Amino acid sequence: MSLLLIRGPERRAHGSEPPPPLPAPVVRALAERAAAAGKTLAVRVCANEAEYLHALDGARLTRTELLLLDPGSAATSARLHAAVDHAGIPYIEVHDDDCDAPEPRLPPSRACLAVAQGYCAQSYTLALEMALEHLGCAECESERHVGT
């Protein structure tokens with residue numbers, strides 16, 4: 001697996017629960033964009049912190065190249081912070097809410113490449129483009145490149 005998008009739980013009045021699913025056309029577009037660049041993209045939706053920690057551990061074991069992390073309500077978890085550091089995988093922090101400025105919610109880490117924040121699906125599209133750029137394959141699907 002090349003890229004893994006992990007979406008964290010959302011806090012509700014009665015505890016945490018999985019975030020609402022991304023629309024199928026959005027997931028399909030993200031997967032197609034990754035495939036066009038020669039990468040695979042898996043999406044993992046987590047209902048709670050334990051699932052998120054398990055997904056991070058799995059990413060480390062499968063040698064995932066880059067993570068797209070939407071921590072959701074688990075962003076303040078000390079266990080999550082330690083697991084992200086332990087994984088040692090470069091990541092882009094993603095937030096699909098529309099705030100004024102892209103502020104990281106996970107603690108600073110050498111593995112954090114950027115923070116992508118936008119409006120709903122735009123944040124995931126932006127994060128994927130950043131990831132592909134970092135991996136050197138943002139233009140892999142095209143034989144023509146700007147400036148050549």
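1. Contact here means heavy atoms within 4.5 Å. On that basis, Glu49, Tyr52, Leu53, Leu56 and Arg60 of helix H2 meet Arg79, Leu80, Ala83, Val84, His86 and Ala87 of helix H3. The residues of this contact divide into seven nonpolar, one polar and three charged. The model is a predicted one, and the remarks below should be read accordingly.

2. Geometry of the H2 and H3 pair. The two axes come within 9 Å and cross at roughly 5 degrees. Angles under 35 degrees count as roughly parallel, and H2 and H3 are therefore roughly parallel to each other.

3. A salt bridge joins the two helices just described. Arg79 pairs with Glu49, with 3.3 Å between the closest N and O atoms. The link is between distant parts of the chain: Arg79 lies in H3 (residues 78–87) and Glu49 in H2 (residues 49–61), 30 residues apart. Arg79 is exposed, its relative accessible area being 53%, whereas Glu49 is partly exposed at 26%. Both residues also appear in the list of residues through which H2 and H3 meet.

4. A further salt bridge lies within H2. Arg60 is bound in this way to Asp57, the closest N and O atoms being 2.6 Å apart. The two residues are three apart in H2, so about one helical turn separates them. Arg60 is partly exposed at 31% relative accessibility, and Asp57 is likewise partly exposed, at 32%. Arg60 is also one of the H2 residues that meet H3.

5. The second helix pair is H1 with H4. Their packing angle is about 10 degrees and their axes are 11 Å apart, which makes H1 roughly parallel to H4. From H1 the contact draws on Val26, Leu30, Arg33 and Ala34, and from H4 on Ala121, Tyr124, Thr125, Leu128, Glu129 and Leu132. These residues divide into seven nonpolar, one polar and two charged.

6. Arg33 and Glu129, both part of the contact between H1 and H4, form a salt bridge in which the closest N and O atoms are 2.7 Å apart. This pair, too, links distant parts of the chain, with Arg33 in H1 (residues 24–36), Glu129 in H4 (residues 121–134) and their positions 96 residues apart. Arg33 counts as buried at 17% relative accessibility, because buried means under 20%. Glu129 is partly exposed, with a relative accessible area of 31%. The structure holds four salt bridges, among them this one.

7. The sheet is open and has five strands in the order S4-S1-S5-S6-S7, with parallel pairing. S4 (41–45) and S7 (112–117) stand at its edges, each with a single partner strand, so one side of each has no neighbour in the sheet. On average, neighbouring strands are turned by 20 degrees against each other, direction ignored.

8. Within the sheet, S1 (residues 3–7) pairs with S5 (residues 66–70) in the parallel sense over five bridges. Ile6 has Leu69 in S5 as its bridge partner. Helix H2 packs on the sheet and touches S1, S4 and S5, its direction making about 170 degrees with that of S1. H2 thus deserves attention on two counts: its packing on the sheet and its meeting with H3.

How values were computed. Residues are numbered from 1 along each chain as its sequence is written. This is a predicted model: local features need pLDDT of at least 70, side-chain atom pairs count only at pLDDT 80 or more; totals for chains, interfaces and linings use all residues. Side-chain values use heavy atoms; hydrogens and water are left out. A salt bridge is a side-chain nitrogen of Lys or Arg within 4 Å of a carboxyl oxygen of Asp or Glu. Helices (H or I, at least four residues) and strands (E, at least two) are DSSP runs, numbered from the N terminus. Buried means under 20% relative accessible area, exposed over 50%, partly exposed in between (1.4 Å probe, protein chains only). Two strands pair if DSSP finds at least two bridges between them. Axes are lines fitted to C-alpha atoms, for helices over the stretch in contact, and angles run from 0 to 180 degrees between N-to-C directions. Angles under 35 degrees count as roughly parallel, over 145 as roughly antiparallel, 65 to 115 as roughly perpendicular and the rest as oblique. Ala, Val, Leu, Ile, Met, Phe, Trp, Tyr, Cys and Pro count as nonpolar, Asp, Glu, Lys and Arg as charged, and the others, Gly among them, as polar.
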